[in-house]
Amino acid sequence: MIEYIIGSKLLASLAPKITDSVINLLRDVTDECKQALKDDIYAYIGNFVEKYSKIKTFLFSEERRDFYDVYFPLSLEGRNKEMQVPDNPDELFAEHNFITLLGHAGCGKTMILRHLFLSACNKSSKIPLVIELRKLKGFDGSFKDFVVDKVFSLKLSQNEKIFNSMLKTGKFMFLLDGYDEIAIEQKDVLTRSLENFFDCYPQNSYLLTSRPGANAETLERFENYHVCKLSDTQVFEFIDKQLGNGNEEDKELATKIKDLLDQSKNNPFMRYMSSPLLLSMFILTYNEHPELPKHVSSFYYNVFDTLHSKHDAKSKAGGYQHDKKSKLSQDEIRRLLEAFCFISYMQSTYEFSPEYLHDIFPKLIERLKVDCTVDDIIYDLSVAISILVQDGTSYVFPHRSLQEYFAASYIAHSREETKKEIYSVKFLNTASAERITFLGLCEELDQSCFLQYFLIPGLKKYIGDLVKLNDKSLSRSENILFNYLKLTDTHIAKTTNNYFIFRGNSMYSIIRYLHIQNSIVRNLFDSFNRINEKDLTLFVKRGKFHFNNKDKSKEVMEFYERNDIFKAAEKHIEALEEIVKEKENLLATMKDDSVAIMDLI
């Protein structure tokens with residue numbers, strides 16, 4: 001690991017790069033304007049230097065620690081290679097200016113982004129600009145407008161020439177965090193806005209983080225890298241990194257945890273230890289819950305239990321605990337938290353301004369009939385319990401998966417009539433691919449109602465829509481294919497390295513969640529990977545690759561037939577019907593068990 005300059009020294013080393021790489025290249029710009037632009041960039045980057053140089057984590061929530069005291073280097077897997085996250089991000093962009101960083105909840109994407117930002121300030125030839133995409137929620141304007149407003153403080157109508165001159169130098173590195181956190185209703189518009197920005201300024205470097213399935217992996221130009229899970233060896237190295245430099249008590253804790261994990265290699269739950277987030281949670285909760293739980297939801301319950309009642313007691317001399325200003329019991333705080341998370345998550349809100357909190361909590365306090373003030377519950381959640389973290393003037397969860405857990409827990413604790421409405425109505429707008437973790441928690445916490453009101457009827461409707469003979473001139477299998485392409489909005493994109501990828505929404509997310517081997521996607525993928533020049537002409541329009549998912553011309557139909565894609569459509573239906581049968585049998589068994597237990601009374 002290289003030596004990193006942090007803090008004011010880092011900014012001092014960065015200043016000449018801003019001046020020499022960008023500001024001095026501007027023509028017909030006054031010295032006063034140049035200085036103002038330099039100050040704007042310097043201030044924007046300085047804010048993130050201060051924010052990212054130190055960090056609070058699950059394990060160290062009481063104080064901000066130097067980032068590199070807790071940062072653990074991970075590996076990335078691309079299409080043809082695996083590499084460790086480099087010390088200098090220029091190495092990551094050596095072959096591609098556009099990189100997508102994909103990984104599931106808690107895999108370490110944001111930690112990698114923080115490292116790339118800090119290391120770029122130190123070593124890169126480009127100027128790093130972090131854009132947290134969740135902050136575009138409610139912004140009235142394009143992505144370009146946002147950059148102009150937040151980074152350069154320019155009035156674009158008066159200074160578009162200056163802005164274009166700066167961005168066309170290619171001297172900037174845009175680190176775009178959280179594509180999956182963009183509000184659903186904003187996703188299409190913002191995606192087009194981002195693509196327009198990329199088209200205008202392709203010489204810069206772009207890194208975009210996202211959970212898989214949010215369609216970030218389908219953006220043209222971008223090379224996809226997946227964050228690798230921790231290997232067995234890295235799990236132990238991670239524990240040593242977090243606890244090895246602490247006091248004797250921390251070192252003893254590290255030894256106990258490693259011994260337990262070493263003895264538990266055959267435990268199915270061990271696979272979750274490959275996630276830095278869940279491994280950190282386990283370290284945090286070990287003293288109070290020294291065993292591997294059977295379910296992920298149990299993990300989150302243990303975390304809340306530890307943060308609420310026991311974390312301070314084990315980490316402070318004399319069994320100290322933060323006073324709860326609200327004077328609410330643990331169950332009352334949990335009820336408030338569940339309702340808050342359900343509402344905010346269904347609204348696709350992941351960052352909470354004081355105004356948002358003061359709008360929603362009075363309504364929840366009144367409805368749930370608890371006795372506390374808004375300021376007191378905010379204090380308890382952010383200070384006494386530390387389950388909300390202050391981020392500038394707003395608040396966020398240490399990780400969005402906590403919000404997903406409490407939202408799912410709210411549903412599980414609701415009346416059955418409420419569950420039915422949520423699963424059969426509300427979920428229609430929330431079953432996007434980036435919410436697969438949330439769906440898993442819902443099924444784990446509320447399996448019977450989740451299957452009865454959401455998954456089984458949803459799959460049956462989907463199958464029914466697929467097999468409809470909407471075009472009487474086509475066979476059943478041909479109808480299934482074209483219905484699938486329409487329902488999932490699937491199309492194929494050709495990247496710069498001839499790699500074809502797919503886009504989808506709606507029921508596509510449920511298929512991803514169920515881990516069904518999607519034969520349609522598989523066959524399409526394989527057929528385009530080996531496509532010959534003659535067939536390729538079928539999908540070229542005006543000199544560019546163009547896949548029309550409604551094209552039923554003779555030549556295209558022969559291409560599908562030749563590559564067994566119609567047969568794959570029938571196999572897809574068979575796979576879906578098998579899943580429905582399996583879930584119906586499971587639901588029936590659960591009902592039979594309930595009746596049998598009642599008969600024992």
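Me: How many bridges join strand 3 to strand 4, and do the two run parallel or antiparallel?

Reply: In this predicted model, strand 3 (residues 75–77) and strand 4 run antiparallel, with 3 bridges joining them. For a pair to locate by eye, take Glu77, which stands opposite Glu82 in strand 4.

Me: OK, and where does that pair fit in the sheet? What is the strand order?

Reply: Read the order across the sheet rather than along the chain. Here 7 strands make an open sheet, ordered 4-3-9-5-8-7-6, and the pairing is mixed. From one strand to the next, the twist averages 25°.

Me: Which strands stand at the edges?

Reply: Look for strands with a single partner. Strand 4 (82–84) and strand 6 (127–132) each have just that, so one side of each is left without a neighbour in the sheet.

Me: Let's move to strand 5. Which strands does it pair with, and in what sense?

Reply: Strand 5 pairs with strand 8 in the parallel sense over 5 bridges. It also runs parallel to strand 9, joined by 4 bridges. Two partner pairs help you find the register: Leu102 is matched with Ser210 in strand 8, while Thr100 has Asn224 of strand 9 as its bridge partner.

Me: Is strand 5 buried or exposed?

Reply: A residue counts as buried when its relative accessible area is under 20%. By that cut-off, 5 of the 5 residues of strand 5 are buried, so the strand is largely enclosed by the rest of the structure. Check the two faces separately: Phe98, Thr100 and Leu102 lie on one side, Ile99 and Leu101 on the other, and both faces are covered.

Me: You mentioned Ser210. What does it touch?

Reply: Ser210 sits in strand 8, and it counts as buried because its relative accessibility is 0%. Leaving aside residues up to four places away in sequence, Ser210 touches Leu101, Leu102, Gly103, Lys109, Tyr179, Asp180 and Ala216.

Me: Which strands do helix 5 and helix 8 lie across?

Reply: Follow each helix over the strands and use strand 7 (172–177) as the reference direction. Helix 5 (residues 109–123) lies across strands including 3, 5, 6 and 9, and runs at about 160° to strand 7. Helix 8 (residues 184–200) lies across strand 5, strand 7 and strand 8, at about 165° to strand 7.

Me: What about helix 6, how many of its residues are buried?

Reply: For helix 6 (residues 143–152) the count is 7 of the 10, so this helix is largely enclosed by the rest of the structure. Among the buried residues are Phe143, Lys144, Phe146 and Val147.

Me: Now a helix pair. At what angle do helix 16 and helix 18 pack?

Reply: Take angle, axis distance and handedness together. Helix 16 (residues 400–412) and helix 18 (residues 436–445) pack at about 35°, their axes 9 Å apart, and the crossing is right-handed. Residues making the contact include Tyr405, Ala408 and Ile411 of helix 16, and Phe438, Leu441 and Leu445 of helix 18. By class, the contact has 9 nonpolar, 3 polar and 1 charged residues.

Me: Last one: where does pLDDT stay under 50?

Reply: Start with the chain as a whole: its mean pLDDT is 86, and 91% of its residues reach 70 or more. The stretch you want is residues 311–321, where the model has 18 contacts beyond four places in sequence. Where pLDDT is low, the predicted coordinates should not be read in detail.

Technical notes: Residues are numbered from 1 along each chain as its sequence is written. This is a predicted model: local features need pLDDT of at least 70, side-chain atom pairs count only at pLDDT 80 or more; totals for chains, interfaces and linings use all residues. Side-chain values use heavy atoms; hydrogens and water are left out. Axes are lines fitted to C-alpha atoms, for helices over the stretch in contact, and angles run from 0 to 180 degrees between N-to-C directions. A crossing is left-handed if the near helix is turned anticlockwise from the far one by less than a right angle, and right-handed if clockwise. Contact means heavy atoms within 4.5 Å. Ala, Val, Leu, Ile, Met, Phe, Trp, Tyr, Cys and Pro count as nonpolar, Asp, Glu, Lys and Arg as charged, and the others, Gly among them, as polar. Two strands pair if DSSP finds at least two bridges between them. Buried means under 20% relative accessible area, exposed over 50%, partly exposed in between (1.4 Å probe, protein chains only). pLDDT is the predictor's confidence in each residue, from 0 to 100.
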